[in-house]
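Student: I'd like a close look at one charged pair, and then a walk through its surroundings. Please give me the cut-offs as you go, since I like to know how things are computed.

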Amino acid sequence: EKGYETGEHAPGLKLGGCGAYKAAHHIIKTHAKVWHSYNNTWRSEQQGMVGISLTSGWGEPVDPHSQTDRDAAERYIQFHLGWFANPIYRGDYPEIMKNYVGRKSAQQGLGTSRLPTFSVQEKTYIKGTSDFLGIGHFTTRYVLQKSFPFLQVSSYHTDRDLAELVDPKWPAPGPKWLYSVPWGFRRLLNFIKTQYGNPLIYVTENGVSEKVQCTQLCDEWRIEYLKGYINEILKALNDGVNVKGYTAWSLLDKFEWNKGFSERFGFYHIDFKNKNKPRYPKASADYYKKIISANGFPNQREVMS
């Protein structure tokens with residue numbers, strides 16, 4: 001969407017209303033081709049696994065008792081995660097996506113939907129092409145119904161007919177989009193379990209960047225974020241979700257999309273101005289070290305000898 005619709009990211013194309021859907025369509029088909037290639041050629045010899053990693057927020061209805069809010073939250077997750085996961089796990093785009101994009105395309109006088117279609121053969125070929133699901137997750141939004149008149153320029157965002165809100169009480173330690181909402185992660189993981197047949201899950205990205213550069217390396221907000229989110233994964237495991245591994249995002253400060261080096265997600269601070277790029281551990285590095293050595297939260301009562 002940022003590469004082919006808004007043009008914020010490379011390759012910087014602004015193909016409103018169509019570009020993101022076309023790009024995703026190719027990604028899903030090529031993913032399936034790679035999976036089959038591995039499955040047919042290498043699996044018997046190597047016993048490896050091929051999956052896909054999808055990044056998704058969680059959408060919570062503003063009013064859980066309102067059907068329109070619940071429907072809007074469902075659209076949020078289906079237009080995010082379901083867009084890619086539904087074809088791979090269930091054989092086609094989510095019905096809600098097909099309905100909404102199809103209807104809006106018709107209102108615009110287009111003969112066919114801006115959302116491409118898979119042939120029967122393609123659906124069969126794509127379904128089941130993932131040995132595990134990688135999940136990147138950072139934040140949550142409250143969601144409510146918001147209608148966009150079809151006279152507007154069509155886009156992936158207006159197709160969904162929803163508005164995203166945040167709770168001002170949520171901690172916002174990082175950039176303006178990244179609020180710390182740990183409970184959303186457990187709900188997302190349970191959604192995956194029920195929607196896609198409890199697949200094997202690896203958390204491939206989860207973390208927070210800093211708004212202000214912390215020269216003392218005292219990133220206690222990152223520690224709180226990690227504690228909250230990892231604790232919700234633990235609850236999801238108790239719910240029966242099949243989470244097998246966790247990767248924090250990220251080990252080092254690095255080049256972050258169109259934000260360059262200004263957005264720092266690392267456990268290690270990098271001095272980019274120094275030609276040797278020295279690395280300094282932040283407080284979170286020490287905290288995370290304790291978690292991985294204990295393979296869980298360390299026992300608070302245990303005295304380190």
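Which residue forms a salt bridge with Lys227, and how far apart are the closest N and O atoms?

Tutor: Happy to! The partner is Glu224, and the closest N and O atoms are 3.4 Å apart. A salt bridge here is a side-chain nitrogen of Lys or Arg within 4 Å of a carboxyl oxygen of Asp or Glu. Before we go on, keep in mind that this is a predicted model: local features need pLDDT of at least 70, side-chain atom pairs count only at pLDDT 80 or more, and totals for chains, interfaces and linings use all residues. Residues are numbered from 1 along each chain as its sequence is written, and side-chain values use heavy atoms, with hydrogens and water left out.

Both partners sit in helix α8, three residues apart, about one turn of the helix. Helices (H or I, at least four residues) and strands (E, at least two) are DSSP runs, numbered from the N terminus. Lys227 has a relative accessible area of 36%, so it is partly exposed, and Glu224, at 48%, is partly exposed as well. The classes are buried for under 20% relative accessible area, exposed for over 50%, and partly exposed in between, with a 1.4 Å probe and protein chains only.

Helix α9 offers a related case: the side chains of Lys290 and Asp286 meet in a salt bridge at 3.3 Å, N to O. These two are four residues apart in α9 (residues 283–294), so about one helical turn separates them. Lys290 is partly exposed at 38%, and so is Asp286 at 40% relative accessibility. Elsewhere, salt bridges with shared partners link Glu210, Asp219, Arg222, Asp253, Arg264 and Lys282 into one network.

A search of the whole structure finds 21 salt bridges. One that reaches across the sequence joins the side chains of Glu60 and Arg187 (2.5 Å, N to O). Glu60 belongs to strand β2 (residues 58–61) and Arg187 to helix α7, so this pair ties together parts that are 127 residues apart in sequence. Here the accessibility classes differ: Glu60 counts as buried because its relative accessibility is 12%, while Arg187 is partly exposed at 39%.

Now back to α8, this time for its nonpolar side. A nonpolar core means a set of buried Ala, Val, Leu, Ile, Met, Phe, Trp, Tyr and Cys residues joined through side-chain atoms within 4.5 Å. The largest one has 48 residues, and Leu81 and Trp83 have the most contacts inside it. Helix α8 (220–238) is among the elements that supply at least two residues each, including also α1 (19–41), β1 (52–55), α3 (67–90) and α7 (183–195). The biggest contribution, eight residues, comes from α3. Beyond its neighbours within four places in sequence, Trp83 is in contact (heavy atoms within 4.5 Å) with residues including Ala24, Ile28, Met97 and Tyr156. There is also a second, separate core of nine residues, among them Leu226, Ile230, Ala248 and Ile291. In soluble globular proteins, nonpolar side chains tend to be buried together.

Strand β1 shows how a core contributor is arranged. Ile52 and Leu54 point to one face and are buried, whereas Ser53 and Thr55 point to the other and are not. In a regular strand the side chains alternate between the two faces of the sheet. β1 pairs with β3 in the parallel sense over four bridges; two strands count as paired if DSSP finds at least two bridges between them. Within that pairing, Thr55 has Gly136 of β3 as its bridge partner.

Finally, some backbone details that you may want to inspect. The peptide bond from Ala10 to Pro11 is cis, with omega near 5°, and Pro11 lies in the segment before α1. Another cis bond joins Trp249 and Ser250, with omega about 10°. Ser250 is in the loop between β7 (243–246) and β8 (268–270). That loop also holds Trp257, whose phi is positive, near 50°. Trp257 counts as exposed because its relative accessibility is 60%. Most residues other than glycine have a negative phi, and most peptide bonds are trans.
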